[in-house]
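Grab a viewer and a coffee, and try these exercises before peeking at the solutions.

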Amino acid sequence: APVASEAANNALSFDGVNDYVTFGSASRLGASNFTIEVWFRRTGAGVSTSTGIGGITAVPLVAKGRGEANGSNRDVNYFLGIRPSDNVLVADFEEGANGTTPGLNHPITGVTPISNNVWHHAAAAYDGATWRLYLNGALETDLTVNQPVRADSIQHASLATALNSRG
C-alpha cells in the first residue's frame with residue numbers, strides 16, 4: 001500500500017523589493033468574519049505602505065487592499081503587517097457600507113517586537129465584534145469594534161505586498 005510522505009519544509013523567499021504573490025481581486029477572499037495568518041521569517045526592512053487615512057503604515061505580510069479610497073468598494077478588506085518604526089505586528093480593516101462610518105479604519109497594534117531571522121506565526125481575527133491580533137499563538141491585543149468589514153472590496157489579495165483595485 002502507498003505510504004503518504006511527510007511534507008517537506010518549504011517556504012517562499014521575498015527580496016523585500018519587488019517579489020510578492022497576488023491572488024487578483026479574489027472576491028471569494030472577501031471576508032466579513034475571518035482569521036488571516038502567516039508564518040514568516042523577517043530578514044530585512046521591507047517596503048511599507050499605508051492602509052489610508054486613520055489606518056496604519058506597515059510592511060505587508062497578508063493583505064486584501066491598501067490605501068486607495070474611503071467609503072467605497074476600494075476600501076481595505078484586511079491587512080496584516082509589521083510596523084517599521086518599532087517592528088511590532090499591526091492589522092487593519094475598513095468599515096463596510098452598512099457600518100456607522102463606512103470607510104473608517106480600525107487599526108490594532110501588537111506589543112512584542114519582531115526579531116529578525118526567526119520564524120514567527122502571526123494571526124489577526126475578526127468575529128464581527130472583536131478584532132484580535134496574535135503573535136506566536138499569544139494574544140497581543142484586542143479591540144471591540146462591533147461594525148461590519150468592507151467584505152465587498154475589489155482590491156487585490158496578496159502576500160508580501162498590498163495591492164489596490166488595479167493590482
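Below are four short exercises on this predicted model, each with a worked solution.

**Exercise 1.** Work out which side chains of strand β2 point to the buried face.

Solution. Start with the stretch itself: β2 covers residues 34–41, and its side chains alternate. Next, sort them by face. Phe34, Ile36, Val38 and Phe40 go to one face and are buried. Thr35, Glu37, Trp39 and Arg41 point to the other face and are not buried.

**Exercise 2.** Find the order of the strands in the open sheet that contains β2, and say which strands are at the edges.

Solution. Walk across the sheet: four strands line up as β2-β8-β9-β10, with antiparallel pairing. The edges are β2 and β10 (138–144), since each of them pairs on one side only. Ignoring direction, neighbouring strands here are turned by 10° against each other on average. Now check the pairings. β2 and β8 (residues 119–126) are joined by eight bridges, and Ile36 sits opposite Ala124 of β8. At the other end, six bridges link β9 (residues 130–135) to β10, where Thr130 has Thr144 as its bridge partner.

**Exercise 3.** Classify the ring pairs Phe34–Tyr78 and Phe34–Tyr126, and work out which parts of the chain each pair ties together.

Solution. You need two numbers per pair: the distance of the centres and the angle of the planes. The model has six aromatic pairs in total. For Phe34 and Tyr78 the centres are 5.2 Å apart and the planes make 45°, which is tilted. Phe34 is in β2 and Tyr78 is in β5 (residues 78–83), so this pair ties together parts 44 residues apart in sequence. As for burial, Phe34 comes out at 8% relative accessible area, so it's buried; Tyr78, at 6%, is buried too. Phe34 and Tyr126 are also tilted, at 6.5 Å centre to centre and 45° between planes. Tyr126 belongs to β8 and Phe34 to β2, so here the parts tied together are 92 residues apart in sequence. Zoom out, and Phe34, Tyr78, Phe93, Tyr126 and Trp131 make up one aromatic cluster.

**Exercise 4.** Is Leu159 buried or partly exposed, and which residues beyond its sequence neighbours does it contact?

Solution. First locate Leu159: it's in strand β11 (residues 157–159). Its relative accessibility is 21%, and buried needs under 20%, so Leu159 counts as partly exposed. Then skip everything within four places in sequence: Leu159 contacts Leu12, Tyr20, Val21, Phe23, Leu61 and Val62. Finally, try a C-alpha distance: Leu159 and Gly81 are 78 residues apart in sequence and 10 Å apart in space.

Note on methods
Residues numbered from 1 in each chain as written. Predicted model: local features only at pLDDT ≥ 70, side-chain atom pairs only at ≥ 80, totals over all residues. Heavy atoms only, no water. Buried < 20%, exposed > 50% of the residue type's maximum accessible area, 1.4 Å probe, protein only. Helix = DSSP H or I, 4+ residues; strand = E, 2+ residues; numbered from the N terminus. Pairing = 2+ DSSP bridges. Contact = heavy atoms within 4.5 Å. Axes fitted to C-alpha atoms, helices over the stretch in contact; angles between N-to-C directions. Phe/Tyr/Trp six-rings, centres within 6.5 Å; stacked < 30°, edge-to-face > 60°.
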